[in-house]
Every structure is written in structure tokens, then in C-alpha cells.
Amino acid sequence: MAQQQLEETLCTLLAHPEGRIVEFKTAKNQYDEDKLGRYFTALANEANLTDVDAAWIIFGVDDARRVVGTQYLHGENHERQLRMKVEEGTQPSSGFRDIHELQTTEGRVLLFEVPPAPRGIPMAWKGHYYARDGENLVPLALDKIDEIRQQTLAGDWTAAVVPEATIQHLDLAALAKAREAFAAKHPEAADEISAWTN
């Protein structure tokens, strides 16, 4: 992401309070990596539930949403270790989409870009599911776990109707194979199935 895009992203995020998909932390010099992992999974779950492309953890910003700068995560080796710890602690394994560094006149800011949890799979940190309740980090409620898990049912492409489709869009070899497999599963109707038209 280019410098100008990062500045615009930060301005947009600062214009809104913390919530389901944004967390601000001062993190002057250090930050508890286990707590960062909990925030990562909470924001990933919320990004999934709110159907956004990314959530954000911003270091170098205080609770009043003022840039104060951070010295956290200097050096490529430290960043690589942090990424590995997050990937090892998440189930399913996931990590930051990117960690952006932005130098502002008020100080250095880190923007951790968090991808949404995969469709149908709530994300856990070391076996525990997290979410947001306003600005608070809380356990992911059972109804939210169910909502995420049911996404695969709602997204079954094999049950989707394609209004523009015609018979010419069908692969005849695939159709024959499907008919054969269906007949093997329902041998009592094999004669009837073989007589079906395309």
C-alpha cells in the first residue's frame, strides 16, 4: 500500500471509534503478543460477520485517537517472529494480511491488516474464540459461532440457480458421469435414471 493510501486509511480509521473491526493501541515500546493474538482472532471473526474485506489493529494511537507513535516491532526478524506466533496460535492457521508502517509528523504508526475469518469457520486463538462487544474483547457468543458455521450452507454453489444458463453450458461428459454416480447411489432407480434426458 502506498504512503498516500496508508495516510488516507489511517485518517478514515481515526474518524471512527473503536468497534467491531478497529482496535487502537498505544503500544509505546512493547505489547503482549498473546493479547495481540486474541485481538487478531476477535477482529477476524467480526470482519467475517460484518462482511468487510479487512479489520485493523493500529499501534501508536492512544484511546483519544491521537497519534502518539510506537517503537514496537522494529526489524524484519521481529516481524517474522510475530507473524509465525500468530499463525501458530490461530485455528485455522492465519496471519496478518500485511503490517504497514507509516511515518507521520506525530510519530510512527503500525497498521496491522487483519483478514476476515474464512467463510464457515470461526477463528480461535489457542483454542478460544473471541469477538468484540463495543470496545471490549469478549468470548465469541454461541449464536455468532453458529452464524459463521452456517455460512457454508448458505453459500452452496451447487444449489444456486443460474438464470442465464442454457443446455449448451452443460458439459455432457460431466453430466453422464453425474448420472452414473447417481445411479450407483440409487441402484433401485438405475433404469429410470439412464432414461433421463439432459
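Two residues are in contact when heavy atoms of theirs lie within 4.5 Å of each other. In this predicted model, 67% of the contacts between residues at least 6 apart in sequence join residues at least 24 apart.

**Overall form**

The protein chain contains seven helices and eight strands. Its C-alpha trace spans about 75 × 35 × 35 Å along the principal axes. The radius of gyration is 23 Å, whereas a compact globule of 198 residues would have one near 16 Å. Of the 198 residues, 39% count as buried.

The accessible surface of the chain amounts to about 11800 Å², and carbon and sulfur atoms account for 52% of that area. As for charge, the chain carries 32 negative and 20 positive side chains. The centres of these two sets are 5 Å apart.

**Backbone features in loops**

Three loop residues have backbone angles that deserve a separate entry. The table gives the angle for each.

| Residue | Backbone angle | Loop |
|---|---|---|
| Ala-27 | phi near 40° | between strand E1 (22-25) and helix H2 (33-50) |
| Arg-65 | phi about 65° | between strand E2 (55-59) and helix H3 (76-89) |
| Pro-92 | omega near -5°, for the bond from Gln-91 | between strand E3 (90-91) and strand E4 (98-104) |

The phi of Ala-27 is positive although the residue is not glycine. Arg-65 is likewise a residue other than glycine with a positive phi. How buried or exposed are these two residues? Ala-27 has a relative accessibility of 9% and, because the cut-off for buried is under 20%, it counts as buried. Arg-65 has a relative accessible area of 32%, so it falls between the cut-offs of 20% and 50% and is partly exposed.

The third entry concerns a peptide bond. The bond from Gln-91 to Pro-92 is cis. Pro-92 itself belongs to the loop that runs from strand E3 to strand E4.

**Arg-38 in helix H2**

The loop that holds Ala-27 lies between strand E1 and helix H2, and Arg-38 is a residue of helix H2. Which residues does Arg-38 touch, leaving aside those up to four places away in sequence? They are Trp-125, Tyr-130 and Leu-137. Leu-13 is 25 residues from Arg-38 along the chain, and the C-alpha atoms of the two are separated by 20 Å.

Technical notes: Residues are numbered from 1 along each chain as its sequence is written. This is a predicted model: local features need pLDDT of at least 70, side-chain atom pairs count only at pLDDT 80 or more; totals for chains, interfaces and linings use all residues. Side-chain values use heavy atoms; hydrogens and water are left out. Helices (H or I, at least four residues) and strands (E, at least two) are DSSP runs, numbered from the N terminus. The radius of gyration is taken over C-alpha atoms; the globule rule is 2.2 Å times the number of residues to the power 0.38. Buried means under 20% relative accessible area, exposed over 50%, partly exposed in between (1.4 Å probe, protein chains only). Accessible areas come from the Shrake-Rupley method with a 1.4 Å probe; for residues, only the protein chains shown count as cover. Lys and Arg count as positive and Asp and Glu as negative; His and the chain ends are not counted. The place of a charge is taken as NZ of Lys, CZ of Arg, CG of Asp or CD of Glu.
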